Amino acid sequence: TGTGQVHGGGDNVILQARGNVATSDGYTGTFNWTFVFIDGRVTHFRTHDTEASNESGQRILFAVGVDHVTWRNGAAVVPFSHSSGARCVG
C-alpha cells in the first residue's frame, strides 16, 4: 500500500510513489519509486529503499535499480539500466 504524488502534466510528468510492503511469508518494509517522463525525450525509472524484515530480524533488499533512456527524434540515444537484484542483507 502507498501513496503517489504526480508533478507536472501533459507530456512532462514526475510520479513519486512511497509506501509499505508486506509479503505472505511475514516480511514488512517500505518502498520509494520515482518515474519521470519528459516530452518524448527522457524516460527514467528509479526504485530505491525497498528493504523488508521479518519477526526474526532477517532482512531482504528487493531490487534497487535505475532504468533511464534519453530519446532524440524518436530514437533511444542514451539507454542505461542497472539493477542490484533481490538479496539477503542480514
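**Exercise 1. Work out what share of the chain's residues count as buried, and what the chain shows to the outside.**

Solution. Keep in mind that this is a predicted model.
- Step 1: The chain has 90 residues, and 20% of them count as buried.
- Step 2: Now the outside. The chain exposes about 6,000 Å², and carbon and sulfur atoms supply 57% of that area.

**Exercise 2. List the secondary structure elements from the N terminus on, and find how much of the contact network links residues 24 or more positions apart.**

Solution.
- Step 1: Count the elements: you get nine strands and zero helices.
- Step 2: Write them in order, starting at the N terminus: β-β-β-β-β-β-β-β-β.
- Step 3: Take the contacts with a separation of 6 or more; residues 24 or more positions apart account for 28% of these.

**Exercise 3. Decide whether strand E1 is largely in the open or buried, then describe how E1 and E2 pair.**

Solution.
- Step 1: Strand E1 covers residues 2-9. Of its eight residues, the number buried is zero, so E1 lies largely in the open.
- Step 2: Look at the partner, strand E2, which spans residues 12-22. E1 and E2 pair in the antiparallel sense, over eight bridges.
- Step 3: Pick out one bridge: Gly 9 has Asn 12 in E2 as its partner.
- Step 4: Check the turn. The hairpin has two residues between the strands, and Gly 10 takes a positive phi near 65° there.

**Exercise 4. Find out whether Asn 32 is buried or exposed, and what its side chain contacts.**

Solution.
- Step 1: Place the residue: Asn 32 sits in strand E3, residues 28-38.
- Step 2: Its relative accessible area is 13%. The cut-off for buried is under 20%, so Asn 32 is buried.
- Step 3: Look for a polar partner. The side chains of Asn 32 and Gln 16 are joined by a polar contact of 2.5 Å.

**Exercise 5. Search the structure for aromatic pairs, and say how the rings of Phe 35 and Phe 45 are arranged.**

Solution.
- Step 1: Searching the whole structure turns up four aromatic pairs.
- Step 2: Take Phe 35 and Phe 45. Their ring centres are 5.5 Å apart and their planes meet at 70°. Planes over 60 degrees apart count as edge-to-face, so that is what this pair is.
- Step 3: Place the two residues. Phe 35 is in strand E3 and Phe 45 in strand E4 (residues 42-48), so the pair ties together parts 10 residues apart in sequence.
- Step 4: Check the accessibility. Phe 35 comes out at 21% and Phe 45 at 28%. Phe 35 counts as partly exposed, and so does Phe 45.
- Step 5: Phe 45 also pairs with Phe 37, again edge-to-face, with 5.7 Å centre to centre and 75° between the planes. Phe 37 is partly exposed too, at 35% relative accessibility.
- Step 6: Put the rings together: ring pairs link Phe 31, Trp 33, Phe 35, Phe 37 and Phe 45 into a cluster.

**Exercise 6. Describe the surroundings of Val 69, leaving out residues up to four places away in sequence.**

Solution.
- Step 1: Val 69 belongs to strand E7, residues 65-72.
- Step 2: With a relative accessible area of 14%, Val 69 is buried.
- Step 3: Now its contacts: Val 69 touches Arg 41, Val 42, Thr 43, Ala 76, Val 78 and Pro 79.
- Step 4: Compare sequence and space for Val 69 and Phe 37. They are 32 residues apart in sequence, and 10.0 Å apart in space from C-alpha to C-alpha.

How values were computed. Residues are numbered from 1 along each chain as its sequence is written. This is a predicted model: local features need pLDDT of at least 70, side-chain atom pairs count only at pLDDT 80 or more; totals for chains, interfaces and linings use all residues. Side-chain values use heavy atoms; hydrogens and water are left out. Helices (H or I, at least four residues) and strands (E, at least two) are DSSP runs, numbered from the N terminus. Buried means under 20% relative accessible area, exposed over 50%, partly exposed in between (1.4 Å probe, protein chains only). Contact means heavy atoms within 4.5 Å. Accessible areas come from the Shrake-Rupley method with a 1.4 Å probe; for residues, only the protein chains shown count as cover. A polar contact is a pair of N or O atoms within 3.5 Å; within protein, one must be able to donate a hydrogen and the other to accept it, and residues adjacent in sequence count only if both atoms are side-chain atoms. Two strands pair if DSSP finds at least two bridges between them. Rings of Phe, Tyr and Trp (its six-membered ring) pair if their centres lie within 6.5 Å; planes under 30 degrees apart count as stacked, over 60 as edge-to-face and the rest as tilted.
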